[in-house]
Amino acid sequence: MSDRPRASLRRILEDLGSTVLDVAAAEGDLLDAEVTGVHIYDPLDEPLLPAGSIVLAVGVDRAEQICALLDAAGPAAGVVVKQPVDVDGRVHAKVRETGVAVLGLTRAASWAQVAALLRALLAEGDLAEPGETPIDDLFSLANAVCALLDAPITIEDRSSRVLAYSGRQDEADPGRVETVLGRQVPERYRRMLEERGFFRQLYQNREPIYIELDEDSINRAAVAVRSGDEILGSIWAAVREPLSGQRRQALADAAKIVALQLLRQRAGADTRRRLRADLLSTVLAGGGDAAEAAGRLGVASERLCVLAAQLGDGPDADAARRESDRQRFCDALALHVGAIHPKAAAALVGSVAYAVLPMHGSGDEEARAVRVAESFLARVGPRHAANIGVGRMARNLAEVSRSRADADRALRVLRARSTSGAVAGYTGVHFESLLLQVSDLVHAEEQTPTGPYERLLEHDARHGSELVSTLRAYLDAFGDVNAASAKIHVHANTFRYRLKRLVQISGLDLADPEARLAVMLQMRIFGA
């Protein structure tokens, strides 16, 4: 961690440009306010806004709503509202009273995009204060290359995800603006570049190439970023004409520097992820070292819910691809919970992404954590077929291990159901979880069915009868013969005859609730 000054609202506006954010209402030197983080406003939650946060006001569009949020924003640096912003005299007066600026977000940007964009900028350090020594990172490199080539720059990985970009993006075409907002080259542009052979040309050459695009787009100069024979990514400049020899050499030299930085970041990211996973594992264990680990992670130590999220493994995915997908999924989860609470944390432990989420004390913490998990799965959508288990609220670090066990058990229930894209709180699947635990014990001790259920299974196996399915339908229908017979598609009289036979063969007393419970549990544990 460096000790450089944090970003200001003014610096954010300068770097993003008016294409993304613009000032709607600000008085005096409010734009010089220090920015410390990003917070997504939820009207259903009590706002706990750290000093200097940028509040993304989802669903706030009227002047009276803006005024109410400014009152609740406390020490926040600014509030972001989708354009057009309803600003009147009341809003300006409230801005002067609270000292919180109001910014307008372009309607073309989604809240998920702007949250990711702002958090990435704050984390990656390209928002250094004017006059500060440049930071040796990709954003600084992008700005340096921009100055050398006199053109806006993006640095992208092999999947066309934007790793960094320079200033002056508002000078580029709509495709570049959409790319920067989404931190990913849109699919239609990627497909066009692929079909026209530009990617093949880019990766086959060690020198920059010039790409002529359609009339409504600015042409590109691009160079592959390599480490030996490995392609790490690429640098793209929006230019209107081919580069001069001097500028081509500058772009080629920049690719070598970017390659070193990418390799350095890859090694550093791996180390940080391992450290973060180790620290979070210590917190989840809830032992004597949990407090120190929580302090190093910067997570809360009271009123926590644990989320356990796991991707489904695709049938054709190789091990490396699965691990990469899990890490990206975990990064997305960390971003999501971090936007909800600044003292949340997430890390990949084995194949499960765990998140520790602080909750307000309103008595429905688990249900609210379930809604957070459902919101996350809705955001990542079909790209990540995953399930999430949610543990009960832990009042302190000593109880976090129990919440983690709850989350693991809820996740296991979802796997046992063979479901995908689902969320379960532990209290909602408690009984199913208990049955799975009993089933584990039964199989570990190699136990087998006994009593009436054993006799019915043996009879069905010898004679090809369907007495077990008849009994299950009868119990599921609470003894309603008509409903039970309809469920297994036989006449009611036939069903009554089978019921009489199974009682004779098994000796089961259907009038005894204890006998019914015993056979129902055996059916659930052993199956049929």
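Reader: Let's start in β3: which residue is the bridge partner of Val 38?
Author: Keep in mind that this is a predicted model. β2 and β3 run parallel and are joined by four bridges. One of the pairings puts Gly 37 with Ser 53 of β3. For Val 38, the bridge partner in β3 is Ile 54.

Reader: And which residue in β4 does Leu 56 stand opposite?
Author: β3 also has β4 to pair with: the two run parallel, with three bridges between them. Across from Leu 56, in β4, stands Val 80.

Reader: Are the faces of β3 covered or open, and which residues are on them?
Author: In a regular strand, side chains alternate between the two faces of the sheet. β3 is covered on both faces, with every residue named here buried. One side has Ser 53 and Val 55, and the other has Ile 54 and Leu 56.

Reader: Zooming out, which strands stand at the edges of the open sheet with mixed pairing?
Author: That five-stranded open sheet is ordered β1-β5-β4-β3-β2, and its pairing is mixed. The edge strands each have a single partner, so one side of each has no neighbour in the sheet. Those edge strands are β1 and β2 (37-40).

Reader: What angle does the direction of α2 make with that of β4?
Author: For context, neighbouring strands of the mixed sheet are turned against each other by 30° on average, direction ignored. α2 packs on this sheet and touches β3, β4 and β5. Its direction and that of β4 make an angle of about 155°.

Reader: How about α3, at what angle does it run to β1?
Author: α3 lies across two strands, β1 and β5. Relative to β1, α3 runs at about 95°.

Reader: Which element gives the largest share of the largest nonpolar core?
Author: The largest nonpolar core has 38 residues, and Leu 56, Val 79 and Val 102 have the most contacts inside it. Elements that each supply at least two of its residues include α1 (9-16), α2 (63-72), β4 (78-82) and α4 (111-124). The largest share is five residues, and it comes from α2.

Reader: Which residues is Val 79 in contact with, leaving aside its neighbours within four places in sequence?
Author: Val 79 is one of the residues with the most contacts inside the 38-residue core. With the sequence neighbours left aside, its contacts are Val 55, Ala 57, Leu 69, Leu 70, Ala 73, Val 100, Ala 101, Val 102 and Leu 103.

Reader: How many residues are in the second, separate core?
Author: Its members include Leu 138, Ala 142, Ile 155 and Leu 232. The count for this second core is 29 residues.

Reader: Now the other open sheet of five strands, the one with antiparallel pairing: what does its twist average from one strand to the next?
Author: The order there is β7-β6-β10-β9-β8. β7 (162-165) and β8 (209-211) are the edge strands, each pairing on one side only. From one strand to the next, the twist averages 25°.

Reader: Which residue of β7 does Thr 154 stand opposite?
Author: Thr 154 belongs to β6, where it is one of the buried residues. β6 pairs antiparallel with β10 over five bridges, and there Thr 154 stands opposite Trp 236. Three bridges join β6 to β7, also antiparallel. Opposite Thr 154 in β7 is Tyr 165.

Reader: How many residues of strand β6 (residues 153-157) are buried?
Author: Both of its faces are covered. Ile 153, Ile 155 and Asp 157 sit on one side, with Thr 154 and Glu 156 on the other. The buried count for β6 is five of five.

Reader: In the hairpin of β6 and β7, which residue takes a positive phi?
Author: Four residues lie between the two strands of this hairpin. The phi in question is near 65°, and the residue that takes it is Ser 160.

Reader: Over how many bridges do β9 and β10 pair?
Author: Their sense is antiparallel, with β9 covering residues 220-227 and β10 covering 230-238. One pairing sets Ala 222 against Trp 236 of β10. The number of bridges is eight.

Reader: Last one: are α16 and α18 roughly parallel or roughly perpendicular?
Author: Helix α16 (residues 467-476) and helix α18 (residues 492-506) pack with axes 10 Å apart, at an angle of about 110°. Angles of 65 to 115 degrees count as roughly perpendicular. So α16 is, relative to α18, roughly perpendicular.

Key: Residues are numbered from 1 along each chain as its sequence is written. This is a predicted model: local features need pLDDT of at least 70, side-chain atom pairs count only at pLDDT 80 or more; totals for chains, interfaces and linings use all residues. Side-chain values use heavy atoms; hydrogens and water are left out. Two strands pair if DSSP finds at least two bridges between them. Axes are lines fitted to C-alpha atoms, for helices over the stretch in contact, and angles run from 0 to 180 degrees between N-to-C directions. A nonpolar core is a set of buried Ala, Val, Leu, Ile, Met, Phe, Trp, Tyr and Cys residues joined through side-chain atoms within 4.5 Å. Buried means under 20% relative accessible area, exposed over 50%, partly exposed in between (1.4 Å probe, protein chains only). Contact means heavy atoms within 4.5 Å. Angles under 35 degrees count as roughly parallel, over 145 as roughly antiparallel, 65 to 115 as roughly perpendicular and the rest as oblique.
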